[in-house]
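The following note is intended for a colleague who is meeting this structure for the first time. Its points are numbered so that each may be checked against the view.

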Amino acid sequence: MAGVLGGHPDGITADAAIDESGLSVAVGDTILAAMEVAGAARRLPVTEDGDELWVIGEGDLATVDPANAPTHSTCPTCGHTRKIRRPSARRTTGTGRTTGEINGDGSAKLGKNELRNRVEALMRDLGPGHDVTPGTVAREIGGRSPGAVRNGMDKLTGLGVLTLTREAPETYALADNPPAPNAEVRAFMAPPQTDTTPPAGDEAGTDEATAAPVAA
């Protein structure tokens with residue numbers, strides 16, 4: 001993977017890097033995540049085409065350990081965990097894009113409504129009952145302006161997505177029955193975890209369902 005990233009100094013998408021490396025998607029995602037933790041790989045700002053590119057980092061490759069690849073992030077308020085987005089999962093659908101310009105703090109300027117979409121995606125990933133401040137959300141989505149995040153959360157409150165749970169300090173939570181997220185928001189959300197373990201008694205139920213009917 002390091003060789004692939006090193007061969008693309010201008011950046012390469014995670015899925016393309018995984019394809020070129022010959023690794024499976026699951027292993028490639030793990031390696032990229034572990035490299036990012038060690039500083040051996042880093043992400044560039046999302047391109048105008050909506051792609052998130054990766055380049056080789058300055059970290060020591062000898063310190064990369066797949067066992068250290070993060071799979072979940074922890075809620076800053078209650079300690080509950082949520083699955084993080086895989087490196088190879090597309091970050092945008094084409095409408096949530098950066099503008100190519102840079103803010104005064106060095107961060108990439110986001111496209112129209114992208115900050116609000118990121119905020120909404122984070123709050124939906126946390127789920128109901130998680131009260132957070134705009135400052136906390138700003139840190140969680142990559143160090144954005146707390147003021148801009150607060151404006152986005154206020155807008156989402158007016159749309160019925162969030163609810164203001166406390167006025168001082170301002171604290172928000174996901175509404176109990178928010179409207180369904182649009183495609184742009186879903187692109188920023190972590191993929192749902194799936195449990196492939198069959199329910200207890202499922203095999204018996206299947207046998208009964210497929211058994212031949214008994215003649216009267």
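1. Is E120 buried or exposed? The model is a predicted one, in which local features need a pLDDT of at least 70, side-chain atom pairs count only at pLDDT 80 or more, and totals for chains, interfaces and linings use all residues. Residues are numbered from 1 along each chain as its sequence is written, and side-chain values use heavy atoms, with hydrogens and water left out. E120 counts as buried, its relative accessibility being 8%; buried means under 20% relative accessible area, exposed over 50%, and partly exposed in between (1.4 Å probe, protein chains only). This residue belongs to helix 4. Apart from neighbours within four places in sequence, E120 has contacts (heavy atoms within 4.5 Å) with L156, V161, P181 and V185.

2. Confidence should be considered before any detail. The pLDDT is the predictor's confidence in each residue, from 0 to 100. Its mean over the chain is 76, and 67% of the residues reach 70 or more. In residues 90-107 the pLDDT is below 50, although this stretch has 53 contacts in the model beyond near neighbours in sequence. Residues 203-216 also have a pLDDT below 50, and there the count of such contacts is 0. Where pLDDT is low, the predicted coordinates should not be read in detail.

3. As to the overall make-up, the chain contains 8 helices and 9 strands. These are DSSP runs numbered from the N terminus: helices are H or I with at least four residues, and strands are E with at least two. Of the 216 residues in the chain, 36% are buried. Among contacts with a separation of 6 or more, 55% are between residues 24 or more positions apart. The exposed surface of the chain is about 12000 Å², of which carbon and sulfur atoms supply 51%; the areas come from the Shrake-Rupley method with a 1.4 Å probe, and for residues only the protein chains shown count as cover.

4. The largest nonpolar core has 16 residues. Such a core is a set of buried Ala, Val, Leu, Ile, Met, Phe, Trp, Tyr and Cys residues joined through side-chain atoms within 4.5 Å. The residues with the most contacts inside this core are V119, M123, V137, I141, V149, M153 and L162. Two or more residues each come from helix 4 (114-126), helix 5 (134-140), helix 6 (146-158) and strand 9 (170-174), with helix 4 giving the largest share, 5 residues. Setting aside neighbours within four places in sequence, V149 is in contact with L115, V119, P134, V137, A138, I141 and R144. A second, separate core of 12 residues includes A17, L32, A40 and W54.

5. Which residues of helix 2 are buried? In this helix (residues 14-21) they are A14, A17 and I18. These residues are on the same side of helix 2 because they cover an arc of only 100° around the axis, the arc being that of the directions from the helix axis to the C-beta atoms. Their cover includes helix 1 (2-6), strand 1 (12-13), helix 3 (25-38) and strand 3 (53-56).

6. G22 follows just after helix 2 and takes a positive phi of about 85°. This glycine lies in the loop between helix 2 and helix 3 and is exposed, with a relative accessible area of 63%. The C-alpha atoms of G22 and M1 are separated by 9.0 Å, the two being 21 residues apart along the chain.

7. An open sheet of 3 strands has the order 1-3-2 and antiparallel pairing; two strands pair if DSSP finds at least two bridges between them. Strand 1 and strand 2 (41-43) stand at the edges with a single partner strand each, so one side of each has no neighbour in the sheet. The antiparallel pairing of strand 1 with strand 3 runs over 2 bridges, and T13 stands opposite L53 in strand 3.

8. Strand 8 (162-167) and strand 9 are antiparallel partners over 5 bridges, and a hairpin joins them through 2 residues. E167 stands opposite E170 in strand 9. In strand 9, 4 of the 5 residues are buried. The loop between these strands holds P169, which is joined to A168 by a cis peptide bond with omega of about -10°. Most peptide bonds are trans.
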